[in-house]
Amino acid sequence: MTIDIWVILAIALAGGLGSVIRVLMGRWEGKLPYGILLANTLASAVGAWLLINIGAGEFSSLALIGGFAGGLSTFSAYVGQTVGYWRRGRLLQGILNTALQFGLPAGAVYVVALMTGALIN
């Protein structure tokens, strides 16, 4: 599959926007990194909705999933925060963060699939 320059630019712009939103959301912290939890969950929901409703190969899908959702979600921030909890002796917070970072996005994908009827055969 060849990708033209306009698709590459759209992915770059959408990815930049997603990254900026993630950085701003990442400032919301409490006992857990709520902003990153929300960013990863929203990125998963957006990606699922786009794949179900648009498909993987469309221009808008490439830009919004590969760019926006990819920029919005982050695995590295989750890892850094979890290691930080463990280094400070907060093992339970690290375990809870790990469970939520995987469980909430997976749950969001499931809810989107249910809402769009994608799970009904």
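Contact here means heavy atoms within 4.5 Å. The model shown in every view is predicted.

**View 1. Contacts of alanine 43.** Alanine 43 is in contact with Ala69, Leu72 and Ser73, leaving aside its neighbours within four places in sequence. Ala69 and Leu72 also belong, with Ala43, to the largest nonpolar core.

**View 2. The largest nonpolar core.** Seven residues make up this core: Ala14, Met25, Ala39, Ala43, Phe68, Ala69 and Leu72. Three helices each give two or more residues to the core: H1 (5-25), H2 (34-53) and H3 (59-72). H3 supplies the largest share, 3 residues.

**View 3. Surroundings of leucine 100.** Leucine 100 sits in helix H5, which spans residues 91-115. Its relative accessible area is 24%, so leucine 100 is partly exposed. The limit for buried is under 20%. Leu32, Leu37 and Pro105 touch leucine 100, with residues up to four places away in sequence not counted. Threonine 41 gives a further reference point for leucine 100: the two are 59 residues apart in sequence. In space, their C-alpha atoms are 9.4 Å apart.

**View 4. A tilted aromatic pair, tryptophan 28 and tyrosine 34.** The structure holds 4 aromatic pairs. One of them joins tryptophan 28 and tyrosine 34. The ring centres lie 5.4 Å apart, and the planes meet at 40°. This geometry counts as tilted, because the label covers angles that are neither under 30 degrees nor over 60. Tyrosine 34 is partly exposed, because its relative accessibility is 32%.

**View 5. An edge-to-face pair, tyrosine 78 and phenylalanine 102.** Here the centre-to-centre distance is 5.7 Å, with 90° between the planes. Tyrosine 78 and phenylalanine 102 are thus labelled edge-to-face. The pair links distant parts of the chain. Tyrosine 78 lies in helix H4 (residues 76-87), and phenylalanine 102 lies in helix H5. The two residues are 24 apart in sequence.

**View 6. Accessibility across the tyrosine 78 and phenylalanine 102 pair.** Which partner is buried, and which is partly exposed? Tyrosine 78 is buried, because its relative accessible area is 9%. Phenylalanine 102 is partly exposed, at 47%. The cut-off for exposed is over 50%, so phenylalanine 102 at 47% keeps the label partly exposed.

**View 7. The aromatic cluster.** Phe75, Tyr78 and Phe102 form one aromatic cluster. Tyr78 and Phe102 are the edge-to-face partners of View 5.

Conventions. Residues numbered from 1 in each chain as written. Predicted model: local features only at pLDDT ≥ 70, side-chain atom pairs only at ≥ 80, totals over all residues. Heavy atoms only, no water. Helix = DSSP H or I, 4+ residues; strand = E, 2+ residues; numbered from the N terminus. Buried < 20%, exposed > 50% of the residue type's maximum accessible area, 1.4 Å probe, protein only. Core = buried A, V, L, I, M, F, W, Y, C linked by side-chain atoms within 4.5 Å. Phe/Tyr/Trp six-rings, centres within 6.5 Å; stacked < 30°, edge-to-face > 60°.
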